[in-house]
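Thank you all for making time this morning. I would like to walk through one chain with you, beginning with a word on terms and then moving from the packing of the interior to a couple of individual residues.

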Amino acid sequence: MPANAVKFATPRFAWPRRQGGGHTIGDRRFKSAGKKAEDTPMAPSAIASLPAPRIPALPRVVCSRSWALTLWLLVLALLAPGVLPRAWDRDRMLAAAQRQGPEAERGVRLLQSTIVASQSTSEEARLQAFNRLFNEHIVFAEDIDTVGQVDQWASPLELLARGAGDCEDFAIAKYFSLIAAGLPPAKLRMVYVRADLGGHVRAHMVLAYYAQPAAEPLILDNLIAEIRPASLRRDLSPVFSFNAEGLWQGTGAQKAGDPAARLSRWREVLGKARAEGFV
């Protein structure tokens, strides 16, 4: 990926560490202000002379069948997330893969079975499943060797059809697959980094997972099989990060604009992923 794709200054900070606890609202700490009012006892004669409180009649609630069905579906959504319709479209995804060719169809059938099997597992188990799937079944190759272009971001099905891709393609495929498997998009960010590969620094992209907004992210990378906390990836220096909801300098909390407006390749791949049934 060209280093000048988006112009951001090199950050002077490392990956954020998990912050301390405490009750906060909007990053500000609050405490009760003013003095506690003193209780003033009331004489029994005064209490007896008070008028009886008027309790308004409650409106009668009629539970219609449609309302009861809606309530039941809501309960199912809370207790069994896999019961209600999923965000990804199985048929549209399979049809799009068939248009890509037999390799894409075989790949998407494996992908769909992984999505279904992982939906009842923990989020970290899903990270492991999709990180392993793409790292084991896709070969690393530069864009110039796969599509004859210096830099091109593939959709997940394009990557499965080719069987090879570069770092952006790995990160993008894991991102959309995890969303299809039920992870909230806000917990995932693609991070453009400078990777120190034995003294040789090059542009690279990884996928970061945040269990909580202030948590230290876990890094999914095609360079290594193991998912590690960011603090253990001292070879990576974040430059900017993004997902479908925002664009950030480094991995901070301050947004730097709309990624679809500033990153044309992301805008294109987002449209392709939607057409392929991932979101």
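When I speak of helices and strands, I mean DSSP runs, of at least four residues for a helix and at least two for a strand, numbered from the N terminus. Please keep in mind throughout that this is a predicted model.

With that numbering, Arg-233 sits in the loop between strand 6, residues 228–229, and strand 7, residues 236–243. Is this arginine buried or exposed? Because its relative accessible area is 3%, and buried means under 20%, Arg-233 counts as buried. Its side chain makes a polar contact, at 2.9 Å, with the side chain of Asp-221.

Turning to the nonpolar interior, the largest core has 51 residues, and those with the most contacts inside it are Phe-134, Met-190, Phe-242 and Trp-266. The largest share of this core, 10 residues, is contributed by helix 8, which spans residues 167–180. There is also a second, separate core of 9 residues, which includes Val-191, Val-206, Tyr-210 and Leu-236. Coming back to Trp-266, and setting aside neighbours within four places in sequence, its contacts include Trp-153, Tyr-175, Phe-176, Met-190 and Phe-242.

My last residue is Phe-278, in the segment after helix 10, residues 264–275. Phe-278 is buried, with a relative accessible area of 0%. Not counting residues up to four places away in sequence, Phe-278 touches, among others, Trp-88, Met-93, Leu-111, Pro-156 and Phe-176. The C-alpha atoms of Phe-278 and Pro-156 are separated by 8.8 Å, although the two residues lie 122 residues apart along the chain.

Note on methods: Residues are numbered from 1 along each chain as its sequence is written. This is a predicted model: local features need pLDDT of at least 70, side-chain atom pairs count only at pLDDT 80 or more; totals for chains, interfaces and linings use all residues. Side-chain values use heavy atoms; hydrogens and water are left out. A nonpolar core is a set of buried Ala, Val, Leu, Ile, Met, Phe, Trp, Tyr and Cys residues joined through side-chain atoms within 4.5 Å. Buried means under 20% relative accessible area, exposed over 50%, partly exposed in between (1.4 Å probe, protein chains only). Contact means heavy atoms within 4.5 Å. A polar contact is a pair of N or O atoms within 3.5 Å; within protein, one must be able to donate a hydrogen and the other to accept it, and residues adjacent in sequence count only if both atoms are side-chain atoms.
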